[in-house]
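Q: I have a chain open in the viewer and would like to talk it through before going back to the bench. Could we start with one small spot and then work outwards?

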Amino acid sequence: MKLYTKILVALAVGAGVGVAAKTYDLAWLLRAIHVVEPVGTAFIRLMTMIVLPLVVSTLLTGTASLGDVRQVGKVGARTLGFAIVATAVATVVGLLAFAVLRPGSGLDPAMRDALAAPFATQAQNAASSQTSLVQTLVEIIPRNPFRALADLDLLAVVFFSILFGAAAGTLTAERKAPILAFFDGVTDVCMVIIGWVLRLAPYGVFALSAAAFAAFGVELLGSLLMFCLTVIAAALVFGVGILGAVIATTVGMNPVTYFRKIARASLVAFSTSSSNAALPVSLEVAETELGISKRVAGFVLPLSATLNKAGSALYKAVAVMFIAEVYGVGLHLREQLIIIVAATASAISGAGVPGMGMVTILIVLNAVGMQAQA
């Protein structure tokens, strides 16, 4: 059974257990849910623990591997530019879909107040510490990168990692090889740890789901369903509408023909939840179905699999806005602009493996002042 299937099953079972415990006031079941709830808390802490080393290592090696930016050439510059723009546009689409559908708006005000109560002090502190957008962007540049690491100032960490990686990329191959080898090793270790942590994901999701529904009942189900539909609707608008229009205008190909030709790669990516796992099929499809040269495909697709994870950014934008609405935290234009920057950066920094969005979404939550609670 795929990881996302296990997580969905755990979410559904946890919701059922929590609703039953609350609806029928089953004291023994409520006690059992209280006992297992720390499993969910531990899962959140484990995900938070691995974010910083993962972000630093992947961004630094990814940037340094490009080499001297002046030598990347037109293809590399266009690939990098398209990845950044497409990811940012996908984030905007997610924000617009949320604004239209408002998946958390159906919650009863009393329930929303109850959900928000544990975060009242945090929200008040965030509101009182509001700064201008310009000042926020300036503060992305860290005075002390080690202090930024200690303070979980993830946007500052992202900025420094990219800058450090770009500088490392200008070195000769002999000079930068030890740096890349070290941080490649850090990335590999992070991936092993993430693999271990994600094995706990179904259990953590079950514990968190059961606790939430035991506290607030069945009404949360409607909002969660609307959240899922919002993500799906936004993904269809971006994937079929916007990317289809880009294909039609820039390549001159009928979007229907294009999507039919790449269907095999899309199905592999969907079934594995991994852009990395789909890469071999994507290379074959690019050459045999689209007639792209092996040299171009061999450069563009691996780089895109690393950088261009627009769907992940879209999901994070909707998820952060949904979480904020449920907990009564107001995210206005300034915060939404920060979401665009943070979701784009976090999508680029995450590896293309199943469950990575669950880890890197913490970057976006921290960027808008909604630190994960544990």
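**Talking through the model**

A: Let us begin at glycine 217, which comes just after helix α10 and takes a positive phi of about 80°. Please keep in mind throughout that this is a predicted model.

Q: OK, and α10 itself, how does its expected span compare with the distance between its end C-alpha atoms?
A: Helix α10 covers residues 201-216, and at 1.5 Å a residue its 16 residues should span 22 Å; the end C-alpha atoms are 22 Å apart, so the two values agree.

Q: Which residues of α10 are buried?
A: The buried residues of α10 include Ala201, Pro202, Gly204 and Val205 towards the start of the list, and Phe213, Ala214 and Phe216 towards its end. Ala207, Ser209, Ala210 and Ala211 are buried as well.

Q: Stepping back, how many helices and strands does the chain have?
A: The protein chain has 18 helices and zero strands. Of its 374 residues, 39% count as buried, and the accessible surface comes to about 19,100 Å², with 69% of that belonging to carbon and sulfur atoms.

Q: What about contacts, how many of them join residues at least 24 apart?
A: If one takes the contacts between residues at least 6 apart in sequence, 79% of them join residues at least 24 apart.

Q: Which residues have the most contacts inside the largest nonpolar core?
A: That core has 47 residues, and those with the most contacts inside it are Phe238, Leu314, Val320, Leu331 and Ile339. Helix α16, residues 310-326, gives the most to this core, with 11 residues.

Q: Let me pick Val320 then; what is valine 320 in contact with?
A: Leaving aside neighbours within four places in sequence, valine 320 is in contact with Leu331 and Ile339, and also with Ile361, Val364, Leu365 and Val368. There is also a second, separate core of 12 residues, and Ala148, Val157, Val158 and Ile363 are among its members.

Q: Switching to polar residues, where does threonine 230 sit, and is it buried or exposed?
A: Threonine 230 is in helix α11, residues 219-251, and it counts as buried because its relative accessibility is 0%, against a limit of 20%. Not counting residues up to four places away in sequence, threonine 230 touches Ala97, Phe98, Leu101, Pro103 and Val318.

Q: Any charged pairs, I mean how many salt bridges does a search find?
A: A search of the whole structure finds two salt bridges. In one of them the side chains of arginine 102 and glutamate 325 meet at 2.4 Å, N to O. This pair links distant parts of the chain, since arginine 102 is in the loop between α3 (69-101) and α4 (109-116) while glutamate 325 is in helix α16, 223 residues apart.

Q: How exposed are arginine 102 and glutamate 325?
A: Arginine 102 is partly exposed, with a relative accessible area of 38%, whereas glutamate 325 is buried, with a relative accessible area of 10%.

Q: And which residue does arginine 334 pair with?
A: Arginine 334 forms a salt bridge with glutamate 335, and the closest N and O atoms are 3.0 Å apart. Glutamate 335 is buried, with a relative accessible area of 4%.

Q: Back to backbone angles for a moment: what phi does arginine 102 have?
A: Arginine 102 has a positive phi of about 45° although it is not a glycine. As background, most residues other than glycine have a negative phi. Aspartate 25 is likewise not a glycine and has a positive phi, of about 50°; aspartate 25 is found in the loop between α1 (3-23) and α2 (27-65), and it is exposed, with a relative accessible area of 59%.

Q: Last topic, cysteines: how many disulfides does the structure hold?
A: The structure holds zero disulfides. Cysteine 190 counts as buried at 3% relative accessibility, while cysteine 228 is partly exposed, with a relative accessible area of 39%.

Technical notes. Residues are numbered from 1 along each chain as its sequence is written. This is a predicted model: local features need pLDDT of at least 70, side-chain atom pairs count only at pLDDT 80 or more; totals for chains, interfaces and linings use all residues. Side-chain values use heavy atoms; hydrogens and water are left out. A nonpolar core is a set of buried Ala, Val, Leu, Ile, Met, Phe, Trp, Tyr and Cys residues joined through side-chain atoms within 4.5 Å. Buried means under 20% relative accessible area, exposed over 50%, partly exposed in between (1.4 Å probe, protein chains only). Helices (H or I, at least four residues) and strands (E, at least two) are DSSP runs, numbered from the N terminus. Contact means heavy atoms within 4.5 Å. Accessible areas come from the Shrake-Rupley method with a 1.4 Å probe; for residues, only the protein chains shown count as cover. The expected span of a helix is 1.5 Å times one less than its number of residues. A disulfide is a pair of cysteine sulfur atoms within 2.5 Å. A salt bridge is a side-chain nitrogen of Lys or Arg within 4 Å of a carboxyl oxygen of Asp or Glu.
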